[in-house]
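I opened the notebook to look up charged side-chain contacts. The questions were where they sit and how exposed their partners are.

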Amino acid sequence: MLPCIIRNLSDVRSEFTCYSSNGYAAKTDYEIMCELEGMSHLLRTYPEEFPNLPAGRLADKLAAQLQMSKSTIGEYRTIANNLGEKGMQAFQAGKLKKSAAVELATLPEEEQEELLKQGIVNHKEIKVYKKVRTFRNSEQWNFHSCSLNRTGMERFLTAISKLDSCKQK
């Protein structure tokens, strides 16, 4: 016989406990994001079920429960709320790392899809794309200050020219 503890929990608390205590196996960033979204839903929908969590913002509650920083929680929520369907598929498949997914999620979905189509899935390339997008008509931009290799720069310039042609249509 094995000793066990029996707890009388509601379905909501049981689901939340499953999310928050299932941290032993290595998880992908996509799986962590899905768990955070499930926990967020439960905390927003059934706040009365969690009187022991600190009062305050949702990110504070999740950070306390999962022992993560609020900024990490915010990054996962940005991905969940703003990454387009194709970006989410790439993130789920592991083709898009978390840092790149966060950067990509700050762009409009049309631009996300164009960058993915061009194979720009690296955090640094997406960040440079965003800088050029912002400053390309400004004298402040200096191409020599960017740290992409030649292939990365070529892919990113091709993506910009394709985006310009999409916007002109």
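The entries below cover salt bridges and the burial of some of their residues.

Entry 1. I noted that the model is a predicted one. I searched the whole structure for salt bridges and got six. I followed up some of them below.

Entry 2. I looked up Arg77 and found its side chain in a salt bridge with Glu37, at 3.8 Å from N to O. I then placed the two residues: Arg77 belongs to helix α4 (residues 70–82) and Glu37 to helix α2 (residues 29–45), so the pair, 40 residues apart, links distant parts of the chain. For Glu37 I read a relative accessible area of 22%, which is partly exposed.

Entry 3. I stayed on helix α4 and took Glu75, which pairs with Lys98 in a salt bridge whose closest N and O atoms are 2.7 Å apart. Lys98 lies in helix α6 (residues 98–105), and with Glu75 in helix α4 this pair also links distant parts of the chain, 23 residues apart. Is each partner buried or exposed? I got 30% relative accessibility for Glu75, which counts as partly exposed. Lys98 has a relative accessible area of 16% and is buried, because the cut-off for buried is under 20%.

Entry 4. I moved along helix α6 to Glu103, whose side chain meets that of Lys130 in a salt bridge of 2.8 Å, N to O. I found Lys130 in helix α8 (residues 123–135) and Glu103 in helix α6, 27 residues apart, another link between distant parts of the chain. Glu103 has 13% relative accessibility and counts as buried.

Methods. Residues are numbered from 1 along each chain as its sequence is written. This is a predicted model: local features need pLDDT of at least 70, side-chain atom pairs count only at pLDDT 80 or more; totals for chains, interfaces and linings use all residues. Side-chain values use heavy atoms; hydrogens and water are left out. A salt bridge is a side-chain nitrogen of Lys or Arg within 4 Å of a carboxyl oxygen of Asp or Glu. Helices (H or I, at least four residues) and strands (E, at least two) are DSSP runs, numbered from the N terminus. Buried means under 20% relative accessible area, exposed over 50%, partly exposed in between (1.4 Å probe, protein chains only).
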